[in-house]
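Okay, everyone, thanks for coming. Let me put the structure up, and then I'll walk you through a few spots on it.

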Amino acid sequence: MRTKTGPRADQPSVEALPVAWRKQAKTLRRYGGETPAVVLDRCADDLDATLQELDETTLSLVEAARESGYSADHLGRLVRDGKIPNAGRPGAPRIARNHLPRKATIDKSCLASRQPLREVSSRQIVESVIQRGIE
């Protein structure tokens with residue numbers, strides 16, 4: 001059974017795939033692989049179009065709240081204040097996905113791999129400052 005892991009360092013993001021595929025297509029053409037190069041170019045074009053369509057998709061405030069991490073009320077205020085364009089109509093606002101703010105999150109897998117912080121007493125801090133001076 002495979003477990004789901006995060007993206008590997010050597011894997012491009014979904015948004016970077018079309019560029020990576022076009023680069024691979026260029027290499028294939030250089031070595032006579034025209035047919036697979038055409039396939040990669042078409043896949044890159046399709047993915048570009050899909051990503052563009054996804055960015056232009058409009059969401060209700062409730063849907064936008066689910067995706068962004070902000071509350072629907074807060075997003076509604078941002079639309080009313082003109083900080084986010086209203087992709088809907090007055091009284092029924094919608095937000096285009098590409099204008100959606102994203103709440104910062106912490107990747108807990110990174111935190112789990114870190115060593116726990118060492119507890120330092122105030123006495124140790126004072127002794128360190130006396131010995132080394134303030135840097």
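So, start with the charge on the surface: E15, E53, D55 and E56 together make a negative patch. Keep in mind that this is a predicted model.

Let's stay with one member of that patch, E56. You'll find E56 in helix 2, which runs over residues 34-56. Is E56 exposed or partly exposed? Its relative accessible area is 49%, and exposed means over 50%, so E56 goes down as partly exposed.

Now back up to helix 1, residues 17-30. Here's a little sanity check: with 14 residues at 1.5 Å a residue, helix 1 should span 20 Å. The C-alpha atoms at its ends sit 20 Å apart, so the two agree. And right after helix 1 comes G32, with a positive phi of about 90 degrees.

Next, S60. That residue belongs to strand 1, residues 58-60. Its relative accessibility is 21%, and buried would need under 20%, so S60 counts as partly exposed. How far apart are S60 and A92 in space? C-alpha to C-alpha, it's 8.1 Å, while in sequence they're 32 residues apart.

Okay, zooming out to the whole chain. We've got 6 helices and 2 strands, and going along the sequence the order is α-α-β-α-α-β-α-α. As for burial, the protein chain has 135 residues, and 17% of them are buried.

That's my tour, happy to take questions.

Note on methods. Residues are numbered from 1 along each chain as its sequence is written. This is a predicted model: local features need pLDDT of at least 70, side-chain atom pairs count only at pLDDT 80 or more; totals for chains, interfaces and linings use all residues. Side-chain values use heavy atoms; hydrogens and water are left out. Patches are made of residues with over 30% relative accessible area and no salt bridge: like charges are joined within 9 Å, nonpolar side chains (Val, Leu, Ile, Met, Phe, Trp, Tyr) within 5 Å. Accessible areas come from the Shrake-Rupley method with a 1.4 Å probe; for residues, only the protein chains shown count as cover. A salt bridge is a side-chain nitrogen of Lys or Arg within 4 Å of a carboxyl oxygen of Asp or Glu. Lys and Arg count as positive and Asp and Glu as negative; His and the chain ends are not counted. The place of a charge is taken as NZ of Lys, CZ of Arg, CG of Asp or CD of Glu. Helices (H or I, at least four residues) and strands (E, at least two) are DSSP runs, numbered from the N terminus. Buried means under 20% relative accessible area, exposed over 50%, partly exposed in between (1.4 Å probe, protein chains only). The expected span of a helix is 1.5 Å times one less than its number of residues.
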